[in-house]
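Colleague: I am new to this structure and would like to learn how to read it. Please take me through it one feature at a time.

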Amino acid sequence: MKPKVRLKGTLRSYMLCPIILTILLILCNIPAYRADIRLGLLMTGITVLYFAIMTVVYFFCKPAILNEFVNFATQYGTVQKKLLDELEIPYALMDYTGKLLWVNQQFAHLTGKSKDYHKSITSIFPALTRELIEKAHEDAEILVEHGGAFYRASMSKLYFEDMTHENAMVSVEKEGTNGQYLTVLYLFDETQLQQYIRENEEQRLVCSLVYIDNYEEALNSIEEVKRSLLVALVDRKVNKYFSERDGIVKKLEKDKFFIIFRQKYLEELIADKFSVIEEVKTIKVGNEMAVTLSIGVGVGGSSYSQNYEYSRMSIDLALGRGGDQAVVKSGEQITYYGGKTRQVEKMTRVKARVKAHALHEIIESKDRVIIMGHSISDVDSFGAAVGIYCAARVLGKKAYIVLNEITTSLRPLVACFTEDKGYPPDMFVKNNEAMELVSNNAVVMVVDTNRGNYTECPELLRHTKTIVVFDHHRQGADVIDNAVLSYIETYASSTCEMVAEVLQYFSENIHLSPSEADCIYAGILIDTDNFNTKTGVRTFEAAAYLRRCGAEVTRVRKMLRDDMAAYKARAEVVRHAEVYMGVFAVSICPPGDLESPTIVGAQAANELLNIVGIKASFVLTEYNNKIYISSRSIDEINVQLVMERMGGGGHLNVAGAQLTDCTMTEGTRRVKQILKQMVEEGAIEI
């Protein structure tokens, strides 16, 4: 369709002036006729003559006028194009797909491309993808890199209809142009600015705390004359490692260091994976026990004091996870390094005695005690809850255990606490009942978990001011941080072991019935896999205490027996297990008609470790629209690190995770991908 060129705007009004003047002259004829008929006829003749002359001039001169305007616009456009071409800022025009249409001299010089280069901008700047250009707003900016320099790429859309509307003299009407646009690209050199920003970031202060985990234990394992030598060698390793990074090391206590260094060295330490942790283990001067370090790093805070607070939180987290690792906290992001060594069991019970007295004072100051473990409670969680129930009872306080779902493994234990056996009918309550009981004068006791979202009733934690946490799992980023008393010992075999120790110091008048002792003993038995894993001297001492209280091994064994369906399901898991990368067993637990498939999945994961060559096992179970992963290992693989990458956690040998909006196939694939990735990174050695 041929374009129609017409006048518009001010120019069109100017060309219509003769018509307007003609109308004005006609109006002037009226008073002329009233004054004198001859004068009126004269005015009429003049008006007709003026109109005839202007009409002839308009039609004969219009093409010449338009031609002059077009010539002027062409010359004006040429000047504009030349100015744009010689503009100091790199400039380019692209179509909506990102294909280059025109570039100025600076853009061509910058990119090393000629003006005839009409390929996609992505071939020059990979960050400027077609999807980004199409989805960009009217004014979008992105930082791009080219030839070692950084540029701020500013993009805007230039619509065809806007270009014609901006023309005040002529308009072009043509079909097919509505809605189409060009993309304008400007490049602003920000290399120096980015360099200053990077240098500012690198010069920021990083605070770090380094603790010797097993200072007393390591010294006790060496001759007295060599103890000062061991301490000196550890100090030398720590000082040398951080001094090489321009760090300042200040020893706060005999086993604690405060270190500051510039942020530019943090990436180097992370790439090195804080090798000082492994270096101090090589110090041997006759000590039977290797020295281990915990490192807490704080960075990304708005002030120096906030970085120090981050480092303190990091070191607490590292110690809560068992030590022998580094934790870096940058704002809300937390990263873990190391943590492959088994936790050292503390031989002293001083901490257990202190926690017992603190718990005694807290319970004594409250009216009621509400006890809850993690969701889908297991034997360890239930046994620990029963132990705390007994502690509250000896002080004459009313106690309740939150238990929403009674699994197959718990049913025989719960049956021991019926009303006809002397226990109150409201000993076990559900979430809605617990919410009615909670108040500021009640203490909420959390056992066998330190994560608020994993508890039976997370809402309880938001409706009370007094929270106590007893757990043996390693801490994660979402730990319950407002507890007035937190007793987390990762070396403990189970929470029941910790509760059994605390009960011995809680009160002289405490007494456990045989059924109560059975439940606590069963928790230790299950979490240690019949005393095969994570057992220490204190584990057997706790078991001996419970045995003295009336726990019967045979009775507990009968309560923990499986039904035939669970046994067959466990056998199916083992039969269909896939050996991945030669050392990992990955399998799926069929839910079938199982009442507690997650328990069966955990048991099957333990069974898979009995196969020669299997270093770690992973069993996936679908339950309540979630995928539960149970992971187990003996001593070579830290399954906790694997599960943390999937959003879970646990212990070095026992860990788990929960997946939502995921199928069994996707979950299995994710487990394999993470295992492969960690092996390639060196986080897992096979």
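Colleague: What share of the residues of the protein chain count as buried?

Modeller: Buried means under 20% relative accessible area, exposed means over 50%, and partly exposed lies in between, with a 1.4 Å probe and protein chains only. Of the 686 residues in the protein chain, 47% are buried by that rule. This is a predicted model, in which local features need pLDDT of at least 70 and side-chain atom pairs count only at pLDDT 80 or more, while totals for chains, interfaces and linings use all residues. Residues are numbered from 1 along each chain as its sequence is written, and side-chain values use heavy atoms, with hydrogens and water left out.

Colleague: How many helices and strands does the protein chain have?

Modeller: Both are DSSP runs numbered from the N terminus: helices are H or I with at least four residues, strands are E with at least two. The protein chain has 24 helices and 25 strands.

Colleague: How do I read one helix, say α14?

Modeller: Start with its span; the expected value is 1.5 Å times one less than the number of residues. Helix α14 covers residues 379-394, and its 16 residues reach 23 Å from first C-alpha to last, close to the expected 22 Å. Then look at cover: 14 of the 16 residues of α14 are buried, so the helix is largely enclosed by the rest of the structure. Just after α14 comes G396, with a positive phi of about 75°.

Colleague: Which residues form a nonpolar patch on the surface?

Modeller: A patch takes residues with over 30% relative accessible area and no salt bridge (a side-chain nitrogen of Lys or Arg within 4 Å of a carboxyl oxygen of Asp or Glu); like charges are joined within 9 Å, and nonpolar side chains (Val, Leu, Ile, Met, Phe, Trp, Tyr) within 5 Å. Here I19, L21, I23, L24, L27 and I30 make up such a patch, with about 560 Å² of accessible area together. Accessible areas come from the Shrake-Rupley method with a 1.4 Å probe, and for residues only the protein chains shown count as cover. L24 belongs to helix α2 (residues 17-35) and is partly exposed, at 47% relative accessible area.

Colleague: Which strands are joined to β2 by bridges?

Modeller: Two strands pair if DSSP finds at least two bridges between them. Strand β7 (residues 181-189) is antiparallel to β2 and joined to it by four bridges, with V184 opposite L93. Strand β3 (residues 100-103) is also antiparallel to β2, through three bridges, and there W102 stands opposite L93. β2 and β3 form a hairpin with five residues between them, and G98 in the turn has a positive phi of about 100°. Within β2 (residues 91-94), Y91 and L93 point one way, A92 and M94 the other, and all are buried.

Colleague: Where is D246, which has a positive phi although it is not a glycine?

Modeller: D246 sits in the loop between α9 (224-243) and β9 (248-253). Its phi is about 60°, and D246 is partly exposed at 44% relative accessibility. N624, also not a glycine, has a positive phi near 55° and lies in the loop between β22 (616-623) and β23.

Colleague: Is S630 in strand β23 buried or exposed?

Modeller: S630 counts as buried, at 11% relative accessibility. Contact means heavy atoms within 4.5 Å. Leaving aside neighbours within four places in sequence, S630 has contacts including T598, G601, F618 and A655.
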